[in-house]
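Good morning, and thank you for joining this group meeting. Please have the sequence and the structure open while I speak.

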Amino acid sequence: MKTTLSTEKNSSISRWLLPVAVLGAAVTAGLVLGSLSSDAGVSPASDGMPRLARPAAPAGDVIPAAARAGADAAPAADSGPAVERVKLETDGAPAIGPEDAPVTIVEYVDYQCSFCRRAHATVEGIKAKYGDKVRLVFLQNPLSFHADAPLAAKAALAAGEQGKFAEMHALLLSSNSVKRNDLLAAAGKLGLDMAAFQAALDSPRFNALIQRDQAQAERISATATPYFFVNGRPVRGAQPPATFEHIIEQELSGQMPPTRWIAQAEQPRPQAAPEDPNKVWDVDIKGSIARGPASAPITLVEFTAFQCGFCARSQATINQILQTYPGKVHHVVKYSPLRDDKAEVASLAAGRQGKYWEYREKLFSNQRAINDQNLRVWAREVGLDLARFEKDLADPALAADVKQDALQALQLGVNGTPTFFINGKKLVGAHPFASFKRIIDQELAGGNRRAAS
């Protein structure tokens, strides 16, 4: 495949990447419920499909908004489903592939994001399959909770100055560590001029470009990584190849649905008013998995996802809460899946045999190994009746329960996982124990108000 690296003005991108897609009702429902496959980081995130805007929160797998049509949006060409496109500013961004390629894929990347690493193989496969028909452009979005990501972004751009962006990009996304020593080792492996590379790492000259990319991501609510735009059409997360291929084939065919024009990326979105931290939300917990006395003075509702790294991290904190307040906490579990919901459905199937908590521990302890085969291996390990487990996995009622949780999450403004409600008070992210203790102690001292009906 003919490959070019460019930091020149991407005129062809501006031609293709025009304002993002009001999908038909069925697809919109899929996005809302998180039932379509996605493998983002966050949302880690950032790692799932788009939901609402990113909350002001500590570390968590944040799930950002699907782009929304602006108030000044023109009507679609017809009354049928339309696609939305976003016009992106990509001047100066590193690119691979010919400028006149009919399809341009823009990727927002964070080199410390595990989901970006997963997506890299898919992108490489797309590049191999479509050759010069696809141009790849890379925008930088080092997330705030990834301490090493900003320097890694500078390393990629610095390597690009020496004509080695693609190689450095691939090395960084194949590494589990991107600390300074790792970056220097990668530069040495690529045969870069080390003095120039180190000087670039230590200089501020890439800061403006990275900040521009990040600011644009904020404006269009593309704040999780990886986040893609295929000829301006958003694809959120480490999606399977088929997701990209479907859009690419549609773009190459020339037989496109009408485009819906919306506010461009250059125009900032109005900022939503911050939520009242003392607001008490009404969380419906009827029929949900729970432990601890139902009459306990504290109801701790957890919106979680088994493929969310920060959800796994929060489990130790939950256990500490239960140990610190024995008999005083009613712990309720609800789901907001990041990608597919097979692990969540499997946990409910285990729950039908009284093994929910044992199975849940298996899932959180083996997040990276979640697949159809291992769901059944772990079922055997916790002592489930496998025939009954298989039957329950296929029961549409369990999938409906998960989707109902996801819908409620949307209604409650749950934008990422984990999100907790402590007697109805929202706490977003994998907070330390002290954050929970402060709210719980206030609740215990203030009248033991229950969170939900």
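A residue is called buried when its relative accessible area is under 20%. Please keep that cut-off in mind, for I shall return to it several times. I should also say at the outset that this is a predicted model.

Let me apply the cut-off at once to Q353. This residue lies in the loop that runs between helix 11 (342-351) and helix 12. Its relative accessible area is 19%, and because that is under 20%, Q353 is buried. Which residues does Q353 touch, if we do not count those up to four places away in sequence? They are L384, D385, R388 and F389.

I now turn to the sheet. It is an open sheet of 5 strands, in the order 10-12-11-14-15, and its pairing is mixed. Strand 10 (289-291) and strand 15 (425-428) are the edge strands, each of which pairs on one side only. From one strand to the next, the twist averages 20°.

How do the neighbouring strands run relative to one another? Strand 10 pairs with strand 12 in the antiparallel sense, over 3 bridges. In that pair, I289 stands opposite V333 of strand 12. Strand 11 and strand 12, by contrast, pair in the parallel sense, over 7 bridges. Here L300 is the residue that stands opposite H331 in strand 12. Strand 11 (residues 298-304) also pairs with strand 14 (residues 419-422), in the antiparallel sense and over 4 bridges. There, V301 stands opposite F421 in strand 14.

Two helices pack on this sheet. Helix 10 (residues 309-324) touches strand 10, strand 11, strand 12 (329-335) and strand 14. The direction of helix 10 makes about 170° with that of strand 11. Helix 12 (residues 356-365) touches strand 10, strand 11 and strand 12, and its direction makes about 60° with that of strand 12.

Let us look more closely at strand 12. In a regular strand the side chains alternate between the two faces of the sheet. In strand 12, V329, H331, V333 and Y335 point one way, while H330, V332 and K334 point the other way. Are these residues buried or exposed? All are buried. Since 7 of the 7 residues of strand 12 are buried, this strand is largely enclosed by the rest of the structure.

From the sheet I move to the contact of helix 12 with helix 13 (residues 372-381). The two axes come within 10 Å and cross at roughly 135°. That angle is why helix 12 is described as oblique to helix 13. The crossing is a right-handed one. On the side of helix 12, the residues that take part are Y359, K362 and L363; on the side of helix 13, they are L375, W378, A379 and E381. These residues divide into 5 nonpolar, no polar and 2 charged.

Finally, consider V382, in the loop between helix 13 and helix 14 (386-393). V382 has 11% relative accessibility, so this residue also counts as buried. What is V382 in contact with, leaving aside its neighbours within four places in sequence? The answer is K355, E358, Y359 and K362. V382 and K362 are 20 residues apart along the chain, and their C-alpha atoms are separated by 8.6 Å.

To close, I would ask you to find both loop residues on your own display: Q353, which is buried, and V382, which is buried as well. Thank you for your attention.

Technical notes
Residues are numbered from 1 along each chain as its sequence is written. This is a predicted model: local features need pLDDT of at least 70, side-chain atom pairs count only at pLDDT 80 or more; totals for chains, interfaces and linings use all residues. Side-chain values use heavy atoms; hydrogens and water are left out. Two strands pair if DSSP finds at least two bridges between them. Axes are lines fitted to C-alpha atoms, for helices over the stretch in contact, and angles run from 0 to 180 degrees between N-to-C directions. Contact means heavy atoms within 4.5 Å. Angles under 35 degrees count as roughly parallel, over 145 as roughly antiparallel, 65 to 115 as roughly perpendicular and the rest as oblique. A crossing is left-handed if the near helix is turned anticlockwise from the far one by less than a right angle, and right-handed if clockwise. Ala, Val, Leu, Ile, Met, Phe, Trp, Tyr, Cys and Pro count as nonpolar, Asp, Glu, Lys and Arg as charged, and the others, Gly among them, as polar. Buried means under 20% relative accessible area, exposed over 50%, partly exposed in between (1.4 Å probe, protein chains only).
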